[in-house]
Amino acid sequence: MAKEYKLSPERLKELQEEMTYLKTVREKEVAELIKEARSFGDLSENSEYDEAKNEQGKLYSRIAQLDEILSNYVVIEEETEGDYVRLGCTVKVLDKEFDEESTYKIVGSQEADPMNGAISEDSPFGKALLGKTAGEDIVVDAPGGTVEYKIISVEK
């Protein structure tokens, strides 16, 4: 069975727009690069041709990746009931060891950006948060050992 990708409506739109761009504009640009590089002569010693073919490979790889995602996605529904942690929520937590507060948004794996506070629901931290409510303590098994947090607030 194919993997199911959880996407927000905004991320779905971004991926659809990227796919359209790649299949219309970018594909023609790469084809033109290859055509131009071929005109330089001997292909065995033509670095421009090699570079254009590499670019074509990257393009088709990304198109295949997007096609896989767009064929197997589920849009994250906005739930307004309940104050528990779920996809799309913003969670404020307190790191008990360092007494530091941090805020994270729980997102699908395709939208994860830990450096900017977007945590995947598939990550150990995301999994530990799911279903919990404000005031609960959680323990996360991280590569550096276990880390304890207290959930301060859950916002939709």
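Start by selecting strands S3 and S4: the two run antiparallel and are joined by 6 bridges. The model on screen is predicted. In sequence numbers, S3 covers 90-95 and S4 covers 100-107.

**Stop 1: the S3-S4 hairpin**

At the end of S3, pick Asp-95 and look across to S4, where Glu-100 stands opposite. Between the two strands of this hairpin there are 4 residues. Select Asp-99, which is found in that loop between S3 and S4.

What is the phi of Asp-99? The value is near 55°, which is positive although the residue is not glycine. Most residues other than glycine have a negative phi. Asp-99 takes this positive phi within the hairpin of S3 and S4. Is Asp-99 buried or exposed? Its relative accessibility is 60%, and the cut-off for exposed is over 50%, so Asp-99 counts as exposed.

**Stop 2: from S3 across to S7**

Keep S3 selected and add strand S7, residues 145-155. S3 and S7 are antiparallel, with 6 bridges joining them. Two pairs are useful for finding the register. Lys-92 has Ser-153 in S7 as its bridge partner. Asp-95 has Tyr-149 as its bridge partner in S7. Asp-95 is therefore a residue to label from both sides, because a pair of strands here needs at least two DSSP bridges, and Asp-95 stands opposite Glu-100 in S4 while being partnered with Tyr-149 in S7.

**Stop 3: S6 and the second hairpin**

Now add strand S6, residues 137-142. S6 is joined to S7 by 6 bridges, and the two strands run antiparallel. Which residue of S7 stands opposite Asp-141? Thr-146 does. How many residues lie between S6 and S7 in their hairpin? There are 2.

**Stop 4: the loop between S4 and S5**

Go back to S4 and follow the chain towards strand S5, residues 118-120. Two residues of this loop are worth selecting.

Take Gln-110, which is found in the loop between S4 and S5. Gln-110 has a relative accessible area of 23% and is partly exposed. Draw a distance from its C-alpha to that of Lys-6: the two residues are 104 apart in sequence and 7.4 Å apart in space. Then show the contacts of Gln-110 beyond four places in sequence: Tyr-5, Leu-7, Arg-11 and Ile-69.

Next select Gly-117, also found in the loop between S4 and S5. Is Gly-117 buried or exposed? Its relative accessibility is 13%; buried means under 20%, so Gly-117 counts as buried. Its C-alpha is separated by 8.4 Å from that of Ser-102, which is 15 residues away along the chain. Not counting residues up to four places away in sequence, Gly-117 touches Thr-103, Tyr-104 and Lys-105.

**Stop 5: Leu-15 in helix H1**

Select helix H1, residues 9-38, and find Leu-15 in it. Leu-15 is buried, with a relative accessible area of 0%. Which residues does Leu-15 contact, leaving aside neighbours within four places in sequence? They are Leu-7, Arg-62, Leu-66, Ile-69 and Leu-70. The C-alpha atoms of Leu-15 and Ile-69 are 8.7 Å apart, with their positions 54 residues apart in sequence. Leu-7 and Ile-69 are contacts of Leu-15, and both are also in contact with Gln-110.

**Stop 6: the whole chain**

Clear the selection and show everything. The protein has 3 helices and 7 strands. Along the sequence, they follow the pattern β-α-α-β-β-β-β-α-β-β.

Turn the C-alpha trace to view its principal axes: the spans are about 70 × 35 × 30 Å. The radius of gyration is 22 Å, whereas a compact globule of 156 residues would have one near 15 Å.

Colour by accessibility next. Of the 156 residues, 33% are buried. The protein exposes about 9,900 Å², and carbon and sulfur atoms supply 49% of that area. Among contacts with a separation of 6 or more, 53% join residues 24 or more positions apart.

Finally, colour by charge. There are 20 positive and 36 negative charges, and their mean positions are 4 Å apart.

Key:
Residues numbered from 1 in each chain as written. Predicted model: local features only at pLDDT ≥ 70, side-chain atom pairs only at ≥ 80, totals over all residues. Heavy atoms only, no water. Rg over C-alpha atoms; globule rule 2.2 N^0.38 Å. Buried < 20%, exposed > 50% of the residue type's maximum accessible area, 1.4 Å probe, protein only. Contact = heavy atoms within 4.5 Å. Areas by Shrake-Rupley, 256 points an atom, 1.4 Å probe, with all protein chains shown as cover. Lys, Arg positive; Asp, Glu negative; His and termini not counted. Charge placed at Lys NZ, Arg CZ, Asp CG, Glu CD.
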